[in-house]
Amino acid sequence: MEDMKIVELRQYTLRPGARETLVELFEREFVVGQQDVGITVGGRFRDLDDPDRFVWLRAFSDMAHRRRALEAFYTGPVWQEHRDAANATMIDSDDVLLLRGPGFTPAPGTREVLATVCHPTDAADFAGYAARHLGPGHALHRTEHAENDFPRLPVRTGEDVRVWFGPAEPAPWPTRHLRLEPVNP
């Protein structure tokens with residue numbers, strides 16, 4: 001069984017034309033800055049259907065580690081130095097799903113990733129669907145219902161989702177598909 005982590009799926013709405021500015025800043029400063037405080041930075045993506053969206057994942061071993069690592073990063077020198085530039089690119093950074101799963105980083109050379117956010121109405125029915133249609137390569141995640149103990153960064157609450165990466169048979173529940181281009185293919 002894959003190691004399950006606390007994972008944030010973060011979807012940012014950016015000011016028109018600002019995505020490449022954020023991508024460059026993110027890759028230059030924020031990946032290593034977060035890794036230095038113990039955060040695992042996963043896939044970073046351009047949304048292929050919205051030129052003003054940036055989607056990325058980060059992972060933590062558990063909720064206590066998440067709180068400590070976020071406190072260290074957001075009070076640390078990298079964020080303090082570059083936050084104004086980053087925030088100037090963003091309209092909304094609060095579209096965040098708190099998940100439990102293996103995390104996800106696309107294989108080198110991947111040009112496009114399909115992510116599915118599914119709202120199943122029945123856990124047992126979804127388990128049957130997953131057993132038939134999703135394999136380990138889909139990196140299946142589910143909502144983590146723990147209280148957000150770092151409220152400075154909001155997460156979406158009141159919904160139960162499953163998120164996976166890669167193509168699969170259409171699910172019979174409401175879904176949203178994200179066509180994503182890895183920042184570092």
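Two strands pair if DSSP finds at least two bridges between them. In this predicted model, strands β6 (residues 141-143) and β7 (residues 162-165) are joined by two bridges and run antiparallel. One partnership can be named. Arg142 has Arg162 of β7 as its bridge partner.

That pair belongs to a wider arrangement. Eight strands close into a barrel. Follow them around in the order β1-β3-β2-β8-β5-β7-β6-β4. The pairing is antiparallel. On average, neighbouring strands of this sheet are turned by 35 degrees against each other, with direction ignored.

Now turn to the helices. Helix α1 (19-35) lies across four strands: β1 (5-14), β2 (40-47), β3 (53-60) and β4 (90-101). Its direction is at about 175 degrees to β2.

Next come α2 and α3. Two packed helices are described by the angle between their axes and the distance between the axes. Helix α2 covers residues 63-75, and helix α3 covers residues 77-88. They pack at an angle of about 55 degrees, and their axes are 4 Å apart. Angles of 65 to 115 degrees count as roughly perpendicular and those under 35 as roughly parallel. The angle here therefore makes α2 oblique to α3. On the α2 side, Phe73, Tyr74 and Thr75 make the contact. On the α3 side, Pro77, Val78, Trp79 and Gln80 do so. By class, this contact has five nonpolar residues, two polar ones and no charged ones.

Two of these contact residues, Tyr74 and Trp79, appear again at a pocket. What lies nearest the centre of the second largest pocket? The residues there are Tyr12, Tyr74, Trp79, Asn87 and Ser93. The full lining has 17 residues, and the pocket holds about 220 Å³ of space. Strands β1 and β4 and helices α1, α2 and α3 each supply at least two lining residues. Helix α1 gives the largest share, four residues. The lining divides into eleven nonpolar, three polar and three charged residues.

Last comes the enclosed space. How many cavities of 30 Å³ or more does a search of the whole structure find? The search finds one. The largest cavity has a volume of about 40 Å³. Its lining includes Trp164, which falls within the residue range of β7. The other lining residues are Thr116, Tyr129, Ala168, Glu169, Pro170, Ala171, Thr175 and His177. By class, five residues of this lining are nonpolar, three are polar and one is charged.

Definitions and conventions
Residues numbered from 1 in each chain as written. Predicted model: local features only at pLDDT ≥ 70, side-chain atom pairs only at ≥ 80, totals over all residues. Heavy atoms only, no water. Axes fitted to C-alpha atoms, helices over the stretch in contact; angles between N-to-C directions. Parallel < 35°, antiparallel > 145°, perpendicular 65-115°, else oblique. Contact = heavy atoms within 4.5 Å. Nonpolar A, V, L, I, M, F, W, Y, C, P; charged D, E, K, R; others polar. 1 Å grid on protein atoms, 1.4 Å probe; cavity = no way out; pocket = protein on both sides within 12 Å on 5 of 7 lines; lining within 4 Å. Points joined across faces, edges and corners; volume = space filled by probe spheres on them.
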